[in-house]
Amino acid sequence: MGGKSKAQTIGYKYYIGMHSVVCHGPIDFVTKFTVDDRVAWAGATSGGSIGVSAESLFGGESREGGVSGTVDVMMGWPTQLQNSYLVAKLGNRIPAYRGVVSIIHRQCYMGNNPYLKPWRYRGQRVQVRQDGQPQWNPNRAGILVQAGANLPNKTAVNLVATSFGSAPSTVYSPGRAGVIRISKPRAAASGGLLTYDAWSAWNNDAGIGGGNSPVPGQTWTNQFQVLARNGAGSFVSIFSGNDLGMDPNLYATADEAYAAADALLPITFTGWDEYKVQAAFDNNPGDNRGGLSLIVETGSGTIDLNGAHIIRECLTDPDWGMGYPESDVDDDWFGAAANTISAEELGISLLWDKQILIDAFIQEIVKHIDAALYVSRTTGKFVLKLIRGDYNPDDLITLDESCISRIEDPSRPSFGELTNSVTVNYWDHQTGKDASLTVTDTAMALVQGAVINTPVQYPGFSNARNATIAGQRDLRALSSPMLNCTIYVDSTAEDLNVGDVFKLNWSKWGIYQLVMRVTSFALGNGKSNQIKLTCVQDIFDTTTKTAVAEPGTGWEDPSQPPGPSVDSLAQELPYYELVQTGGQAQTDSNLVNKPDSGYVMGAAPRPTGGINARMWTDSGNGYESINTLDFCPYCELTVAVGKMETVWSTTGGLDMDTVLAGQHAQIGDEIVRIDAVDTVGNTITVGRGALDTVPQDHAATDSIFVWDLNYGADPTEYVAAEVVDVKIQPVSGSGTVDLGLITERTVTLDGRAWRPYAPGQFKVNGLYYDTSVDYSGELTLTWAHRDRLEQTGGTIVDHTMGDIGPEPGTLYRVQGYVDDVLVHTEDDIAGTTASWDPGLDDGVESGTVRVEVHAKRDGVYSWQAPWHEFLYGAAGQRVTEENDGRVTEGDELRVTED
């Protein structure tokens, strides 16, 4: 150590200007940047410049650096202008890059590694379409992914129908990138939060009086309205609730009205700054019954897109889609499908990169939502029909021998051909990576004697819940001996379409009332007017009202940003450590020439996620990173200890299992020798007052740092009286603790290494630090020599060891205090004993006496001095249980009479 140089070149910083085109635009938001799978920025931006500040993303400057700088996000709106940075670099003859989302890095810091790490961007497109057009049926477009959602703000809405007008006026403000979710559990199952299942504008179920019901006997509803706005604009209606039972869709009972709402809720909205939820009760509230009860939750979460919306946009988009006019889409069917998918929360997030044809992509979405897409023979429009068990078998048409001419290609898989396990591969939105789960029919696997597994692909599902639903659906089909066949039938089946169901009777095969579903439909060929139906036995009614616990990966990335250390230590480096690192000859030579020089050290225990730490110092010109260090073992006292206690009870141990006997530790300003560590009983045994320190009292919770082998030192050579501030900054592979959040420690240099060691074995009247005896008359003080130069190897001795040395030229000074006033000094004592009679020498009859002994050499005194404080002349004094003298209100010592 020595000199004033701190910095050295450990690498180079790399910067880059870059323009990346990400996808078609515009989109709702860009929500995340990741670099080499580590999050560099997260939030929500709908365009403009953002500041990335993750300079410690890969461990900071001592490792691979991080990333930072200004990044422009261009959404690709039709009115988008040229980017100023690109114009400055490439000239003004460049496009504005409309119609695509692009990212521009304005000479951003990319780390200390010359190899560029991969950047990935995540965005959301739910509420906008091609050229920024508003989304079709926006109320049903966004579907909240429950896994990972954070909806901390939960409100129960209970509006009594006997009120009048639109209420309430509560405004919910999750922010434009936030989420509002509205649901309606049964009042009886809401834990007392909700009151009503439905409301009615009539005082009787017949709906007579006060304006008769449009349909007699139907009076109950759950109609409500959602309003929204951005900025300071006006609230606009984004959801009217007509499909929840508003006139004329009223219901005969409150239970029926609840069932209608339950089939279509919950509903999720995003993309607006603020929302209102209200109900418009009629203008004759006196005859109303019930009320509107809802749960409104706001917060944040990932939003998937409704599969019906994806298919519709693929069909109609004029740029990248199939380009059909929107009038070619049957919005009644698509709207009904969107309602169901929204209520099922079966959303999709899937990237189409043109590696497959658009029609194949559409079929992939159809598979995800379990639907049939076809062109109606009567309207010529696209129809989207979901494959669900939403039918009453008694209402289905029956096909039998009276209308069927023949059945061909009948088949059922044999028992051995059935599958009893399905592995679903999907994309996990929380990790941003592919994931998988397996659904197994355990009973069937036992019967078949083995697990027969089939993998299925659902890359558009972003969570385990949806993947599980798909897996259960496919497993039910693959594990059932379903009948497949082709039926030739007359015009009885002319109204059937793909996805429709019917009942099959065929006595030849013993089939009666078997529900079949149409998979393809063909009309006659001109020679025959028979209809050809390809069909399959219907079992596709797997419920989507499923609660699935997210399984997780079972693995946590160990490279997480570190937390702060629970405590830290900074001080002037002792002579002993200078010798261990620099050698005794060099150290002694330096100190002889510069006796007031010194160095600063720091130590800290391991925090959560920490790998090592960086030591920063500030001697007046701002903080500089000057060294790295490993974390030291650490614990805390559970109870206070006095100067002679050597077995300590501890708590909060960190890395204490690595401590070896003979190492030294520090508590307060006292260095101790570790003699034993019991990590089961949480005790340590120590030798007190080691090296240049003396025994001291310590309080419960005081920190114990075993920094012997784990500390950092500032190589700068300071001089006595200089003040240095120190911070210990934990580091992990994912970053560092913000320097501004770290507790600062201040060190004032004192020429510690040059000073003689304090004497050991200090006793008063032959006793170590004893306050239980009566002290009076002459006091005899004894101590043992210590030698700084000799105590540099072998076992570190504690304060009870006999004479070592002394260091040449060592003398001693005794000082005595009475009630904190210095009354006695005896200097330049050559031996190891002295006496003092406070009564005879200084006229002290009684009081609190403190005596201490400093070593002295070359005109400087030891860094510490052993001391003992006690009551003098205590015979006859009234004392407390703690042996403290009792005084009057006038601060006079109270005594008893002889």
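## Cores, a barrel and lone cysteines

In helix H8, the buried residues pack against helix H9 (584-593) and strand S39 (664-667). Keep in mind as you look around that this is a predicted model. Below is a short tour, starting with that helix and moving on to the barrel, the nonpolar cores and the cysteines.

**Helix H8 and its surroundings**

- H8 covers residues 575-582, and its buried residues are Tyr575, Tyr576, Glu577, Leu578 and Val579.
- Just after H8 comes Gly583, which has a positive phi near 85 degrees.
- Strand S39, one of the packing partners of H8, is also part of a closed barrel, which is our next stop.

**The barrel**

- Six strands form this closed barrel, in the order S37-S38-S41-S40-S39-S42, and their pairing is antiparallel.
- As a reminder from your lectures, strands of a sheet pair through backbone hydrogen bonds, and they can do so in parallel or antiparallel fashion.
- To see one pairing up close, find strand S37 (residues 634-637) and strand S38 (residues 647-654), which run antiparallel and are joined by 3 bridges.
- On the S38 side, Leu654 is the bridge partner of Tyr634.

**The nonpolar cores**

- Nonpolar side chains tend to be buried together in soluble globular proteins.
- In this model, the largest nonpolar core contains 47 residues, and Ile311, Phe334, Ile369, Leu373 and Leu384 have the most contacts inside it.
- Helix H5 (residues 358-369) is the top contributor to this core, giving 6 residues.
- A separate, second core has 26 residues, among them Ala372, Ile487, Ala493 and Leu496.
- Which residues does Ile311 touch, leaving aside those up to four places away in sequence? The list is Phe334, Ile362, Ile365, Val366, Ile369, Leu373 and Leu384.

**The cysteines**

- How many disulfides does a search of the whole structure find? The count is 0.
- Cys108 takes part in no disulfide, and its nearest cysteine sulfur, in Cys23, lies 19 Å away.
- With a relative accessible area of 2%, Cys108 is buried.
- Why is the sulfur of Cys314 too far for a bond with the closest cysteine sulfur? That closest sulfur belongs to Cys23 and is 14 Å away, whereas a disulfide needs the two sulfur atoms within 2.5 Å.
- Cys314 counts as buried too, because its relative accessibility is 1% and the cut-off for buried is under 20%.

Notes. Residues are numbered from 1 along each chain as its sequence is written. This is a predicted model: local features need pLDDT of at least 70, side-chain atom pairs count only at pLDDT 80 or more; totals for chains, interfaces and linings use all residues. Side-chain values use heavy atoms; hydrogens and water are left out. A nonpolar core is a set of buried Ala, Val, Leu, Ile, Met, Phe, Trp, Tyr and Cys residues joined through side-chain atoms within 4.5 Å. Buried means under 20% relative accessible area, exposed over 50%, partly exposed in between (1.4 Å probe, protein chains only). Helices (H or I, at least four residues) and strands (E, at least two) are DSSP runs, numbered from the N terminus. Contact means heavy atoms within 4.5 Å. Two strands pair if DSSP finds at least two bridges between them.
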